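Got your viewer open? Load the model, switch to cartoon, and keep the selection box handy.

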Amino acid sequence: MPERVREPEQESGGGAEPVRGGPLRAVGLAEVYNPSMVPTLRPGDQLVVRYGAVVRPGDVVVLRHPFRQDLLIVKRAVERRDGGWWVRGDNPYVENDSREFGVVPDELVIARAWLRVRPPRGLQRSPRAVASWVLSAVRPLSRRLRAR
């Protein structure tokens with residue numbers, strides 16, 4: 001099953017609009033639903049994304065699935081090829097990426113992930129558990145390549 005990403009502006013009933021920032025770049029949120037980017041991203045993680053940002057090899061990106069363009073997915077941009085981007089998931093056991101659907105055209109790559117926000121898992125009762133969560137919950141996404 002492909003990884004799904006939910007954009008707030010696609011939700012019905014008072015969905016949040018992207019916030020304009022910097023040189024007219026929109027900022028929004030996306031939620032990771034499936035495990036194709038484990039260990040970097042887990043289901044339930046929230047991503048702060050920048051729409052229209054420049055993509056470089058190693059960036060985590062949100063793109064429209066080439067075969068189902070109503071479906072948004074999260075992958076790592078591995079390299080630029082003729083006609084677009086070769087993308088891969090960080091999870092070696094999930095092959096729903098360019099190995100399956102080939103190069104992704106530039107117009108289907110819609111945003112670059114900037115920050116990962118990991119929601120708390122379960123009840124955090126001890127001060128040590130809370131401190132550990134705070135230190136790991138919000139993290140910039142590195143461009144270090146993990147895709148294989």
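The tour goes from the whole chain to its strands and then to its cores.

Before you click, note that this is a predicted model, in which local features need pLDDT of at least 70, side-chain atom pairs count only at pLDDT 80 or more, and totals for chains, interfaces and linings use all residues. Residues are numbered from 1 along each chain as its sequence is written, and side-chain values use heavy atoms, with hydrogens and water left out.

**Whole chain.** Colour by secondary structure: there are 2 helices and 9 strands, in the order β-β-β-β-β-β-β-α-β-α-β from the N terminus. Helices (H or I, at least four residues) and strands (E, at least two) are DSSP runs, numbered from the N terminus. Now show the surface. The chain exposes about 8300 Å², 55% of it supplied by carbon and sulfur atoms; areas come from the Shrake-Rupley method with a 1.4 Å probe, and for residues only the protein chains shown count as cover. Of the 148 residues, 42% are buried (under 20% relative accessible area, against over 50% for exposed and in between for partly exposed; 1.4 Å probe, protein chains only).

**Strand E5.** Select residues 60-64. Why is E5 largely enclosed by the rest of the structure? Because 4 of its 5 residues are buried. Next, add residues 72-81, strand E6: 5 bridges join E6 to E5, and the two run antiparallel. Strands count as paired if DSSP finds at least two bridges between them. Then add residues 109-117, strand E8, which is also antiparallel to E5, through 3 bridges. Centre on Val61: it stands opposite Lys75 in E6 and opposite Arg112 in E8.

**Strand E8.** Stay on E8, where 7 of the 9 residues are buried. Select residues 46-51 to bring in strand E4, joined to E8 by 6 bridges in antiparallel fashion. Look for Gln46, which stands opposite Val117.

**The cores.** Switch on side chains for Leu41, Leu47, Val49, Val60, Val62 and Val74, the residues with the most contacts inside the largest nonpolar core, which has 16 residues. Such a core is a set of buried Ala, Val, Leu, Ile, Met, Phe, Trp, Tyr and Cys residues joined through side-chain atoms within 4.5 Å. Strands E3 (25-32), E4, E5, E6 and E8 each give two or more residues to this core. Zoom in on Val49: beyond its neighbours within four places in sequence, its contacts (heavy atoms within 4.5 Å) include Val27, Leu29, Val62, Ala111 and Trp114. Last stop: another core, of 12 residues, lies apart from the largest one, and Val61, Trp85, Phe101 and Val109 are among its members.
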